[in-house]
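Work through the following exercises with the sequence and the coordinates at hand. Each task is followed by a solution that goes step by step.

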Amino acid sequence: MLTSHTDMNALSLNSKLIGAYASCGDLGSAELVFQRTANPNIFAFNWMISALAFHGYPEKSIGYFSLLQQSRTTPNKYTFPIVLKACVGLMDLNKGKEVHGMIYRMGFELELSVANALIDMYGKCGNLEYARLVFNLMVERDIVSWTSMIYSYANMRKIDESFILFEKMRLEGIRPNDFTWNVMIAGYARTGDCDTAFILVSKMSKEGLTPDLVTWNAMISGYVQSHRSTEALALLQDMLDAGVKPNEVTITGLLPVCGLIDSALDVGV
């Protein structure tokens, strides 16, 4: 393009080039093209905000959102879920509220993806009241909406509220996916109710789904903290049999129990 003297402003080529670099993870080149773009459009801004947020640079992502606000470019419904993810990365509840205010003023609050992102942001930043308010006002909910709200309660160790929502979701005909199940199982395990967690694992398996590594780790840690070392090791063996490879968190969860190091080595960790 450069050597052929292509007009980069034609057909929004600059924005497409930014998107190409950003989607391939070449953030340096994406930023360079962005800086050389005279009037970046909303797609260019969205790519930069998104790429930086997803690659672990939430502060820079918010910086591009601030730049967007200073320009004459208008955000769209795809902008806000990304910005809210960056707020989660910074754990900045005040910035999240500020973005929520902008969403409300622009009339995007009832957009499904935006509302889901708001629930996720408020839940992970510890404001259950606002998360539930957004959830209650939604005119449409999908599995992401329910799971985000269930996770918000479970993350704050309010597992009873999570279970009520979980059952209500199923009554409304929405089938939990593997992430929803994993949230519930890990939630019970972290509160020390390993028996309920194990029952949910059995129910999950009957629906053809399997626990992920985070859930296995939470359950093993729960058994260890409940001084049920034999069951913790049995669970480790179940995890290995299921083809799930343990990580540092798995081993760390086992170490507090006397004698587990040798037993862990015996099962091939």
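**Exercise 1. Determine how many helices and strands the protein has, and describe its overall dimensions and burial.**

Solution. In this predicted model, the secondary structure amounts to 16 helices and zero strands. The next step is the extent of the C-alpha trace, which spans about 70 × 45 × 30 Å along its principal axes. Turning to accessibility, buried residues account for 43% of the 269 residues. Finally, if one takes the contacts between residues at least 6 apart in sequence, 58% of them join residues at least 24 apart.

**Exercise 2. Establish which residues of helix H8 are buried, where they lie around the axis, and what covers them.**

Solution. Helix H8 runs over residues 128–137, and its buried residues are Leu128, Ala131, Val134 and Phe135. Viewed down the axis of H8, these buried residues fall within an arc of 130°, and therefore they line one face of the helix. On the other side of H8, Glu129 and Leu137 are exposed. The last step is to look for the cover over the buried residues, which includes helix H6 (93–106) and helix H7 (112–124) as well as helix H9 (143–155) and helix H10 (159–171).

**Exercise 3. Decide whether glutamate 31 is buried or exposed, and list its contacts beyond its neighbours within four places in sequence.**

Solution. Begin with the location of glutamate 31, which is in helix H2 (residues 27–35). Its relative accessibility is 13%, and because buried means under 20%, glutamate 31 counts as buried. Once the neighbours within four places in sequence are left aside, glutamate 31 is in contact with Met48, Lys60 and Tyr64.

**Exercise 4. Compare the annotated repeats with the model, and characterise how helix H11 and helix H13 pack.**

Solution. The unreviewed UniProt entry carries the annotation "repeat: PPR" for residues 142–176, 177–211 and 212–246. Over residues 177–211 the chain is 74% helix and 0% strand, with the end C-alpha atoms 11 Å apart; for residues 212–246 the values are likewise 74% helix, 0% strand and 11 Å between the end C-alpha atoms.

For the packing, consider helix H11 (residues 178–190) and helix H13 (residues 213–225), whose axes come within 8 Å and cross at roughly 20°. Since angles under 35 degrees count as roughly parallel, H11 and H13 are roughly parallel to each other. The crossing in which H11 passes H13 is left-handed. On the H11 side the contact is made by Asn182, Ile185, Ala186, Ala189 and Arg190, and on the H13 side by Val214, Thr215, Ala218, Met219 and Gly222.

Methods:
Residues numbered from 1 in each chain as written. Predicted model: local features only at pLDDT ≥ 70, side-chain atom pairs only at ≥ 80, totals over all residues. Heavy atoms only, no water. Buried < 20%, exposed > 50% of the residue type's maximum accessible area, 1.4 Å probe, protein only. Helix = DSSP H or I, 4+ residues; strand = E, 2+ residues; numbered from the N terminus. Arc of directions from axis to C-beta. Contact = heavy atoms within 4.5 Å. UniProt positions renumbered as here; feature names shortened; annotations may be inferred. Axes fitted to C-alpha atoms, helices over the stretch in contact; angles between N-to-C directions. Parallel < 35°, antiparallel > 145°, perpendicular 65-115°, else oblique. Left-handed = near helix turned anticlockwise from the far one by under 90°.
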